[in-house]
Amino acid sequence: MLILGLLTDGDKYGYQMIEELDKRSNHTFQLKAGTLYPLLHSLEQQGYIEAYDGEPEKNRPRRYYKITPKGYRHLEEMKKEWNTVSSAINSVLGGMKHAEQY
Amino acid sequence: MQNNIEFSNYLDIVCSQIHFQRAHNGLRKELRAHLEDQFRQYLDEGETEDSAIKLTIEQMGDPIALGNQLNDTHKPQTEWLLVVLTGLFIVLGCFVFYMIQDNVMLENGYVLKYIMYILTGILVGIGLYFFDYTLLNRHSYFLYFCGLIIMLLAINSGDKGSTISRLDLFAAILFVTGFSGILEKSRNNQKSGFFKAYIFALVPLIFCLLYPRTVITLCLFAAFITLLFISIRRDYFGSNKKPMLIYTVVNVFLFVGYAVWLATPKLVYHFNKVIFSMTEPDGAGYVYTQIHNLLTHSKLFGQSTYLANFKSIFEILPEIKNDHILTYLIASFGWITGIFILCSSLILITRYLLIALKIKSGFGFNLSVCLGVFLFVEFIIAALENFGLIPVVATFGFPFISIGGIGFVGNSIIIGLLLSIWRANQIIKDNMTSYSDHFEFFTKKAIKK
């Protein structure tokens, strides 16, 4: 879900994604490269993202990923689920906190 | 440099877990780029080279685990339905051949020739399956001109039934292979790309028209038109689609008009034969009358009652085994065979085209669509012929069942190429806007970013 979210505002390559994720989550999510690439390739296989070779920078070829329409739909679904789960958790905890006051 | 060796060793271990060899190159490049970025990052942070290397590799994690995970998503895939159906058709074809062979054929070495063609076809098909088809993409112009030369040879031979003349099927396959690559290269070149693709499509069509080769012309025409329309629709030549679509449609009409005008004398002649076969049952309309008789008296199972009056079907139509295999089968064994073959062929072709749509490689997609269209056109023409609706054109009959040897090899190439392209579908994805599902293909609206 997070990877798809990262791609909604622009295509990225692997290393870039790890940095972005780290930055935006305030170092909460520090994805290991060894986890990222199988994930990327799996998402690609399922059709949620697409890869293409971008312009090589300083002689280094860059494989960019972009989200597909199917990926967008999947992301929206997952966001909905997340919202449902997180608000459910919040109401349970909120309820408990309420009770704890007494 | 030390990091090069260390990283190469690391990548070697990763790749050792990935069985599909062709996936290694792409993965190596991508992972290596990452390793080097990470390495530079550590150096910038003040690490020594040695420790930077260590940290980078640590960041990547266990190479064997990584390799295993990547192996799961980079597997070759085989479309078993196609393989099974093809096998079925080949067996059926051999069975038919066995039923119709006679001493004359044995003496003329015809049986041997047939067996040779079958073996060649099967070997070629299997060979192509393991072949790296991307090699074809690198030699597009060469293949295209090879097609031109073979086409000229075939046309030059004059006689429509000879072996050399039937090489035009191979010429057509070479044309679409070359064209698929040229189309890929013309992408994103807007108008100039469009016209370039256009010219390359037009040339073989003009050749085919000038020296009429009906089936190949139809195959090429259908394939090129399909591909051009799909390419325009996918914004290959820019998003200003209307003028290009209009231009293409106009040209289609012009081409068809011209072709029909050229063929009119022949068309009228044959049209008369078919429609008025009843008035000239023993003359020009003989073949059609007999086919009509055979089929209208055919049963679901078993021999056509019309044959009760004759010793063998070859009395009525001596050439039936060459020209009207399906009619022969229906008349000799019943409609069940005809229905079975027609349905299986349709399933094969539909499946072929559906798979083609899922191909992620641009070149692979272009080529599979063209070849799928070939199969479709062949099928339609063969079906129409066998029901006596059109005269026999220099055709290749039903895929695999008809006993034309060259046609068999040609069709083996078509199937083999698709299986090869599909096999590498998880690996080869080049700059292709793919459609995640078939429905999208017809309703795709570009997501505005």
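**Figure 1. Glu20(A) is a charged residue that counts as buried, because its relative accessibility is just 18% and the cut-off for buried is under 20%.** Keep in mind, here and in every view below, that you're looking at a predicted model. The side chain of Glu20(A) meets that of Lys23(A) in a salt bridge, at 3.6 Å from N to O. Both residues sit in helix 2 of chain A, three residues apart, and that's about one turn of the helix. Is Lys23(A) buried or exposed? With 57% relative accessibility, Lys23(A) counts as exposed, so this salt bridge joins a buried residue to an exposed one. The pair doesn't stand alone either: Asp9(A), Lys12(A), Glu20(A), Lys23(A) and Arg24(A) are linked in a network of salt bridges.

**Figure 2. Here's another salt bridge within one helix, this time between Glu76(A) and Lys79(A).** The closest N and O atoms of this pair are 3.9 Å apart. For a salt bridge the limit is 4 Å, so the pair at 3.9 Å makes the count. Glu76(A) and Lys79(A) both belong to helix 4 of chain A, and once again the spacing is three residues, about one turn of the helix. Glu76(A) is partly exposed, with a relative accessible area of 41%. Lys79(A) is partly exposed too, at 38%.

**Figure 3. Strand 3 of chain A pairs with two other strands, strand 1 and strand 2.** Let's start with the whole chain: chain A has four helices and three strands, and along the sequence they come in the order α-β-α-α-β-β-α. Now zoom in on strand 3. How many bridges join strand 2 of chain A to strand 3 of chain A? There are five, and these two strands run antiparallel. One place to look is Ile49(A), whose bridge partner in strand 3 is Ile67(A). Strand 1, made of residues 12–13, is joined to strand 3 by two bridges, again antiparallel. There, Tyr13(A) stands opposite Tyr64(A) of strand 3. Strand 3 is mostly covered, with four of its five residues buried. As for chain A as a whole, 40% of its 102 residues count as buried.

**Figure 4. This view shows where chain A meets chain B, with 31 residues of chain A in contact with 33 residues of chain B.** About 2,700 Å² of area is buried between the two chains, and carbon and sulfur atoms give 50% of that. How many salt bridges are there between chain A and chain B? The count is one, and it belongs to Arg62(A) and Asp37(B), with their closest N and O atoms 3.0 Å apart. Eight residue pairs are also found in polar contact across the interface. On the chain A side, the elements that give two or more residues are helix 2, helix 3, strand 2, strand 3 and helix 4. Helix 3 gives the most, with eight residues. What kinds of residues are on this side of chain A? They split into 13 nonpolar, seven polar and eleven charged.

**Figure 5. A salt bridge between Glu79(B) and Arg351(B) links two parts of chain B that are 272 residues apart in sequence.** The two side chains meet at 2.8 Å, N to O. Why does the pair tie together parts so many residues apart? Glu79(B) lies in the loop between helix 4 and helix 5 of chain B, and Arg351(B) is in helix 18, so the pair ties together parts 272 residues apart. Glu79(B) counts as buried, at 8% relative accessibility. Arg351(B), at 24%, counts as partly exposed. Across all chains, the salt bridges add up to twelve.

**Figure 6. Ser361(B) is a buried residue in a loop, with 1% relative accessibility.** The loop in question runs between helix 18 (335–357) and helix 19 (362–386) of chain B. Which residue's side chain is in polar contact with the side chain of Ser361(B)? It's Tyr133(B), at 3.2 Å. You can also spot a backbone atom here: the nitrogen of Gly364(B) lies 2.9 Å from a polar atom of the Ser361(B) side chain.

Terms used:
Residues are numbered from 1 along each chain as its sequence is written. Chains are lettered from A and ligands numbered from 1 in the order in which they are written. This is a predicted model: local features need pLDDT of at least 70, side-chain atom pairs count only at pLDDT 80 or more; totals for chains, interfaces and linings use all residues. Side-chain values use heavy atoms; hydrogens and water are left out. Buried means under 20% relative accessible area, exposed over 50%, partly exposed in between (1.4 Å probe, protein chains only). A polar contact is a pair of N or O atoms within 3.5 Å; within protein, one must be able to donate a hydrogen and the other to accept it, and residues adjacent in sequence count only if both atoms are side-chain atoms. Contact means heavy atoms within 4.5 Å. Buried area is the accessible area (1.4 Å probe) that two parts lose on being put together, summed over both. Ala, Val, Leu, Ile, Met, Phe, Trp, Tyr, Cys and Pro count as nonpolar, Asp, Glu, Lys and Arg as charged, and the others, Gly among them, as polar. Two strands pair if DSSP finds at least two bridges between them.
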